[in-house]
Amino acid sequence: MEDTSSPPPRQQQNFRSTASTNWRVRDDTPRLEQQNSRARSNRNQNEQNSVNSAQPADEASGTRLYIGNLLYTAQRPDVEELFTKNGFNVVGVSMSTDPFTGRNPSYCFVDVESPEEAQRAMNELNGMDVLGRAVRVSPGVARRQGGQGQSNASGAGAGRETRVKDFERGWGRARESKEQKDSEYNPTFDRWSRTDANSHWTAPQSEGRRLYLGNMPRIEPQSAHDEEVRALFAQYVPDITPTAVSKQISPRSPKPEQPGNQYYCFVDLEKPEDVDVVIGALDGKEGSWGGNVRVNRARGSDRKVIKEQGLGGGERRAFGEGNWRTQT
């Protein structure tokens with residue numbers, strides 16, 4: 001006879017899934033990373049909307065052009081000549097020019113009178129030579145607040161960036177620190193907005209107003225390096241302010257077997273008599289990285305710009321003459 005009674009109840013077993021109140025329970029609450037990502041996205045969108053709303057109508061309507069593949073020695077007049085000799089009226093040229101080397105970052109921006117002129121420039125000027133090198137002409141974007149071009153290339157303005165310091169590269173030791181910083185950065189010499197970079201090419205060296213600062217760690221980006229130098233002045237010689245700070249320069253022949261920090265830079269001052277004051281107050285003092293900075297008079301810091309810009313009576317370098325991959 002078939003047994004139709006119900007089976008006995010299953011005995012409760014002590015599995016982890018039943019013992020824990022949260023075992024494999026799906027959690028739909030937003031993760032911290034998602035919240036941060038959404039916040040960044042919203043913030044970036046708000047900033048972009050603010051920038052776009054602040055642009056003059058002519059800039060937002062396609063009158064700005066990006067000029068790329070420039071020779072590093074090209075200057076504003078070289079780019080202006082490309083346009084004017086081909087029948088274009090140039091409203092403005094935005095170019096970052098290094099006050100120590102005279103070099104540009106291989107691109108700039110040009111504003112013309114109308115979107116139609118911008119389109120004609122792209123059709124007619126793209127591929128033409130500037131100092132023997134074919135340039136690229138393509139649409140640019142409206143300037144950021146503060147007069148910047150397509151990117152915040154000069155480091156000016158607010159924004160979040162990762163700042164790096166690389167210490168004590170000798171004897172196989174390497175210590176690196178990173179920090180995130182949100183701040184307004186005003187460069188000592190704004191390469192994008194200033195048009196007098198050539199006043200620093202040779203005058204500070206010949207007039208004895210240029211300093212050498214050595215024994216520095218690798219500091220990136222340029223904004224962090226620039227502020228590091230100004231912090232040294234503010235701490236030890238607060239009455240003297242640099243007029244320009246060069247990009248940080250790596251040793252030509254790195255010597256990992258030697259201790260210490262081997263990066264250096266040049267600093268221009270307003271008056272020659274300030275040089276000895278700064279050397280006496282700053283040389284040998286401790287920087288924020290824990291090492292002692294070396295300060296002396298600069299020697300031969302203008303040789304590159306003299307050669308490349310033809311300031312010594314020679315001709316300016318054209319494309320193919322020398323190694324253009326040298327770090328600026």
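# Sheets, helices and salt bridges

Me: Which residue in β3 is the bridge partner of Gly92?

Reply: Asp111 is the partner of Gly92. Strands and helices here are DSSP runs, numbered from the N terminus: E with at least two residues for a strand, H or I with at least four for a helix.

Me: Where do these values come from?

Reply: This is a predicted model, where local features need pLDDT of at least 70, side-chain atom pairs count only at pLDDT 80 or more, and totals for chains, interfaces and linings use all residues. Residues are numbered from 1 along each chain as its sequence is written, and side-chain values use heavy atoms, with hydrogens and water left out.

Me: OK. How many bridges join β2 to β3?

Reply: There are 4, and the two strands run antiparallel. Two strands count as paired if DSSP finds at least two bridges between them.

Me: What holds paired strands to each other in general?

Reply: Backbone hydrogen bonds do, in either a parallel or an antiparallel arrangement.

Me: In what order do the strands of that open sheet come?

Reply: The order is β2-β3-β1-β6. That makes 4 strands, with antiparallel pairing.

Me: Why is one side of β2 and of β6 left without a neighbour in the sheet?

Reply: β2 and β6 (136-139) stand at the edges, and each has a single partner strand, so one side stays free of a neighbour in the sheet. Neighbouring strands are turned by 25° against each other on average, direction ignored.

Me: Which strands does α4 lie across?

Reply: α4 lies across β1, β2 and β3. The helix runs at about 150° to β2. Angles run from 0 to 180 degrees between N-to-C directions, and axes are lines fitted to C-alpha atoms, for helices over the stretch in contact.

Me: And α5?

Reply: α5 lies across β1, β3 and β6, at about 150° to β6.

Me: Back to α4. Which of its residues are buried?

Reply: Arg76, Asp78, Val79, Leu82 and Phe83 are buried in α4 (residues 76-84). Buried means under 20% relative accessible area, exposed means over 50%, and partly exposed lies in between (1.4 Å probe, protein chains only).

Me: What covers the buried residues of α4?

Reply: The cover includes β1 (64-68), β2 (90-94), β3 (107-112), α5 (115-125) and β4 (129-130).

Me: New topic. How many salt bridges are there?

Reply: The count is 11. A salt bridge is a side-chain nitrogen of Lys or Arg within 4 Å of a carboxyl oxygen of Asp or Glu.

Me: Which residue meets Glu117 in one?

Reply: Arg120 does, at 3.1 Å from N to O. The two are 3 residues apart in helix α5, so about one helical turn separates them. Glu124 also forms a salt bridge with Arg120, with the closest N and O atoms 3.2 Å apart.

Me: Why do residues three or four places apart in an α-helix point the same way?

Reply: Because an α-helix has 3.6 residues a turn.

Me: Is Arg120 buried or exposed?

Reply: In between: Arg120 is partly exposed, with a relative accessible area of 26%. Glu124 is partly exposed too, at 38%.

Me: Which residue does Asp276 form a salt bridge with?

Reply: Arg297, with the closest N and O atoms 3.2 Å apart. Asp276 is in helix α8 and Arg297 in strand β13, so the pair ties together parts 21 residues apart in sequence. As for networks, shared partners join Glu117, Arg120 and Glu124 into one.

Me: What is the strand order in the sheet with β13?

Reply: It is β11-β12-β9-β13, an open sheet of 4 strands with antiparallel pairing. β11 (244-245) and β13 (294-297) are the edge strands, each pairing on one side only.

Me: What stands opposite Met216?

Reply: Tyr263 in β12. Met216 is also in contact with His225. Contact means heavy atoms within 4.5 Å.

Me: Is His225 buried or exposed?

Reply: His225 is buried, at 0% relative accessible area. It lies in helix α7 (residues 222-236). Beyond four places in sequence, its contacts include Cys265, itself buried at 0%.

Me: How many disulfides are there?

Reply: The count is 0. A disulfide would be a pair of cysteine sulfur atoms within 2.5 Å.
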